[in-house]
Amino acid sequence: MPNNNRHHYSSAFRCVSSTCLLLLVLQVVLVLGSWIVRTIDPASTIRSLMSGEGIRWYIGHFASLLASPLLVDMLLCALAYGVWTKGGMSRVCQDVRRGEQLSYRRHHALYAAAVVWAVLLLLTAWLTLSPHALLLSVTGTLADSSFSRGLIPLLAFAFTFSSMAYGLSAGILRSWHDVMHAMCRGLSAWAPAIVLYLFATQGYHALCYVCAW
């Protein structure tokens, strides 16, 4: 079984790696192509990334273009994934689904995780369903509200804290250092997706600049 898991991860990693390489090659082609088109036809609406203006735009906006809510959501989900898997919640959910008998300590740990979920759900309900709730929009709805914009971070925090409660109660996570290690393992597992995001986002914005979109 472990060999199958490593093979599956290796295949996924090679797929992401090949996609990143393709995006890198396409971006090089975009840079050279925009320079060639601009050289042949100076009146073209195509903007060159090798011009002074293009270089200033690329360097000056590099970090701001990559910094987006999607990147933050991915990082938070990676942290939650690490605690969910290394804290034992993913394993106990599989055991419950298969109908396996749980030890008293694992039952107690599940109750601790359920309490965390209950507290977070009650707090969320109070912040969204009560009159003049803080997370509603100015029109009093959930559409385009603080709640809808922060839904993924809220879910990531819920999974992180409930998994942390389970792991600590079950004795799988014995200290804060174990929790930090679990979070870092989550970032490591999500690293290929994050790198793919960086390549894809920068390539997309470079294309938008060249085409003046």
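This section describes the overall fold, the salt bridges around helix α4 and several loop residues of a predicted model.

The secondary structure of the protein chain consists of eight helices and zero strands. Read from the N terminus, the order of elements is α-α-α-α-α-α-α-α. The radius of gyration of the protein chain is 23 Å, well over the 17 Å that the globule rule gives for 213 residues, so the chain is more spread out than a compact globule. The C-alpha trace spans about 75 × 55 × 30 Å along its principal axes. Of the 213 residues in the protein chain, 30% are buried. Among contacts with a separation of 6 or more, 66% involve residues 24 or more positions apart. The accessible surface of the protein chain is about 13600 Å², and carbon and sulfur atoms contribute 71% of that surface. The chain carries 14 positive and 7 negative charges, and the mean positions of the two sets are 10 Å apart.

Side chains of opposite charge can pair when their charged atoms come close. In the protein chain, five salt bridges were counted. A network of salt bridges links R91, D95, R98, E100 and R106. D95 lies in helix α4 and takes part in a salt bridge with R91, with an N to O distance of 3.7 Å. The two residues are four residues apart in helix α4 (residues 89–97), and D95 and R91 are therefore separated by about one helical turn. An α-helix has 3.6 residues a turn, so residues three or four places apart point the same way. The two partners nevertheless fall into opposite accessibility classes: D95 is buried, at 2% relative accessibility, whereas R91 is exposed, with a relative accessible area of 52%.

D95 also meets the side chain of R106 in a salt bridge, at 2.8 Å from N to O. R106 belongs to helix α5 (residues 104–129) and D95 to helix α4, so this pair ties together parts that are eleven residues apart in sequence. R106 is partly exposed, at 21% relative accessibility; the class of buried residues ends at 20%. Another bridge of the network joins E100 to R98, with the closest N and O atoms 3.0 Å apart. E100 is partly exposed, its relative accessible area being 41%. When residues up to four places away in sequence are not counted, D95 touches E100, L102 and R106. R106 is thus both a contact of D95 and a salt-bridge partner of D95.

The surroundings of helix α4 place these pairs in context. The buried residues of α4 are M89, S90, V92 and D95. The elements that cover the buried residues of α4 include α3 (69–86), α5 and α7 (151–170). Helix α5 contributes to this cover and also carries R106, the partner of D95. Just after α4, G99 adopts a positive phi of about 75°.

A further site concerns the loop between α7 and α8 (176–211), where I172 is located. I172 is partly exposed, at 41% relative accessibility. The C-alpha atoms of I172 and G87 are separated by 6.0 Å, although the two residues are 85 residues apart along the chain. With residues up to four places away in sequence not counted, I172 touches K86, G87, G88, Y166, G167 and D178. G87 is thus among the residues that I172 touches.

Backbone angles provide the remaining local features. Most residues other than glycine have a negative phi, and most peptide bonds are trans. D144 is not a glycine but has a positive phi of about 55°. D144 is placed in the loop between α5 and α6 (146–149) and is exposed, with a relative accessible area of 62%. A212, likewise a residue other than glycine, has a positive phi near 60°. A212 lies in the segment after α8 and is partly exposed, at 43% relative accessibility.

Conventions:
Residues are numbered from 1 along each chain as its sequence is written. This is a predicted model: local features need pLDDT of at least 70, side-chain atom pairs count only at pLDDT 80 or more; totals for chains, interfaces and linings use all residues. Side-chain values use heavy atoms; hydrogens and water are left out. The radius of gyration is taken over C-alpha atoms; the globule rule is 2.2 Å times the number of residues to the power 0.38. Buried means under 20% relative accessible area, exposed over 50%, partly exposed in between (1.4 Å probe, protein chains only). Contact means heavy atoms within 4.5 Å. Accessible areas come from the Shrake-Rupley method with a 1.4 Å probe; for residues, only the protein chains shown count as cover. Lys and Arg count as positive and Asp and Glu as negative; His and the chain ends are not counted. The place of a charge is taken as NZ of Lys, CZ of Arg, CG of Asp or CD of Glu. A salt bridge is a side-chain nitrogen of Lys or Arg within 4 Å of a carboxyl oxygen of Asp or Glu.
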